[in-house]
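This report describes selected features of the structure shown below. It proceeds from one helix residue to a sheet and then to a metal site.

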Amino acid sequence: MTETVDRLFVHCRQLVTLTDGAPTGPRRREAMQPMGVVEDGAVAVKDGRIVAVGTTDEVTAAYRAEEELDLDGFVVMPGFVDCHTHPVFAATREREFHMRCAGADYMAIAQAGGGILSSMRDVRAASLEALTERTERNLWRFLEHGSTTIEAKGGYGLSLEAERKSMQALDAAAAMVPLTLKRTFLGAHEFPPEYREDRDEYVRIVCEEMIPALAPMAEYCDVFAEPGVFTLEQSERVLRAGLAAGLRLRAHVDEIQPMGGTEMAVALGADTVDHLGQISDDGIAAVAASDTTGVMLPGTIFFLAKTGYAPARKMIEAGCAVALATDFNPGSSHTQSMTLIHTIACTQMKMSVEECIVASTINPAFSLQLDHEVGTLHPGKRADLCVLDIPSYQALGYAFGGNPVAMTIKDGVPVVANVADRQPDWFADGVVLDGEDEDAV
Ligand code: NIG
Ligand code: FE
């Protein structure tokens, strides 16, 4: 007897299931190695969920479906989970890129009123419709790069009204794009010009006015803890106000100069500490002994031409749960390519391909409380798949500069295809393909 399902994906050259580890929880140290690879693999999908994975022979013996997609020649893995992004902005900032190429420094540009403050001016000036439209375009591009779940921050409004508009734009955009998405309030991203001389007053407004008003529009509260931006004490106040409003915590810490932000955020029970280029040994020990995920953002270091990559080897060997993310934003990391992040992590941080895969699937899913839903191909989870035009999963990160994602499947439905010559036979009637006509930025 065969059971009828909605769709079968068959003949995957390699199916990277990650099912030989626990379905939930972060993977640490050597538990980051097993990939659960099935050669000539198949996935059965019903109601958007994975029903079974196995060889094509096994799956087709037990399940049949009216729609069967032949993924012959492709590597298929869980959709990427990008757990640190800033997609709500109104304009790009290529002018600063040109200034940096001519020798200007990122923090110096920021202190001269550029950087985050330049995005703040753009967001404040934008209509809700314009901000929504740009955000929607940004969200589609995550799917084009194989990410099916993201964390998305506001943080370019820096006032109650402009942060509200940012979260409204995010909600409106997310409603139009088939991504699983969690939202983060980041009012403490920078000090707006009107409070630069009275910074504690802005911290008070964030804690007493913005967080209570906007907490219903977010799952997390974040802060940019960095010398010259929010001090350790101000950052702790912001995070505590987030907790008091029922938000969970994520924190930008120890990016450019060490400040003990990691230890502070771990002590508050943050789900993530992010950046970590300057994390101390005490910070590493704190993360290793906790359920806080260390989120490494090598695209930022690469693009700002800095030297402080997060010490991935030290962190993994110490037993930290680690994740990789794009930090997609208009200033310091304008990429949505998780596979480019893999290239940088492998070459500059000496991570293995297997560690990169775990760090961009199940570990970030855990950091978003979505590990029961996504991050591996265990039956019962969402059928979110990334279809890669590479000869084996070991080639992830190897061919850089292009997009190896041939197709992205969300909740069992192909939503993006990037390989034009395969489209006619890939899409049976009724399979909706969208987002493939997005303009370049
Ligand atoms: O994660 N750390 C601060 N925020 C962003 C940079 C944002 C920007 O330059 O617009 C980051 O790197
Ligand atoms: Fe960031």
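## Surroundings of S235

In this predicted model, S235 lies within helix α8, which spans residues 232–244. S235 has a relative accessible area of 0% and is therefore buried, the limit being under 20%.

A polar atom of the S235 side chain lies 2.7 Å from the backbone oxygen of T231. Beyond its neighbours within four places in sequence, S235 is in contact with V223, A225, F230 and M264.

## The eight-stranded sheet

Eight strands form an open sheet with parallel pairing, in the order β8-β9-β10-β11-β12-β13-β14-β15. The edges are occupied by β8 (80–82) and β15 (321–324); each has a single partner strand, so one side of each is left without a neighbour in the sheet. On average, neighbouring strands of this sheet are turned by 20° against each other, direction ignored.

Within the sheet, β13 (residues 272–275) pairs with β14 (residues 293–296) in the parallel sense over 3 bridges. D274 stands opposite V295 in β14.

## Helices packed on the sheet

Helix α5 (residues 128–144) packs on the sheet and touches β8, β9 (147–153) and β10 (180–188). The direction of α5 makes about 145° with that of β9. Helix α6 (residues 160–174) also packs on the sheet, touching β9 and β10, and its direction makes about 170° with that of β10.

## The iron site

The iron ion (ligand 2) is coordinated at 2.1 to 2.3 Å by NE2 atoms of H84, H86 and H252 and by OD of D327. The spacing of these donor residues in sequence is H-x1-H-x165-H-x74-D.

Among the donors, H84 is buried at 0% relative accessibility, and H86 is buried with a relative accessible area of 2%.

Notes. Residues are numbered from 1 along each chain as its sequence is written. Chains are lettered from A and ligands numbered from 1 in the order in which they are written. This is a predicted model: local features need pLDDT of at least 70, side-chain atom pairs count only at pLDDT 80 or more; totals for chains, interfaces and linings use all residues. Side-chain values use heavy atoms; hydrogens and water are left out. Donors are N, O and S atoms within 2.8 Å of the metal (3.2 Å for Na, K and Ca); water is not among the atoms, so sites may look incomplete. Buried means under 20% relative accessible area, exposed over 50%, partly exposed in between (1.4 Å probe, protein chains only). Helices (H or I, at least four residues) and strands (E, at least two) are DSSP runs, numbered from the N terminus. A polar contact is a pair of N or O atoms within 3.5 Å; within protein, one must be able to donate a hydrogen and the other to accept it, and residues adjacent in sequence count only if both atoms are side-chain atoms. Contact means heavy atoms within 4.5 Å. Two strands pair if DSSP finds at least two bridges between them. Axes are lines fitted to C-alpha atoms, for helices over the stretch in contact, and angles run from 0 to 180 degrees between N-to-C directions.
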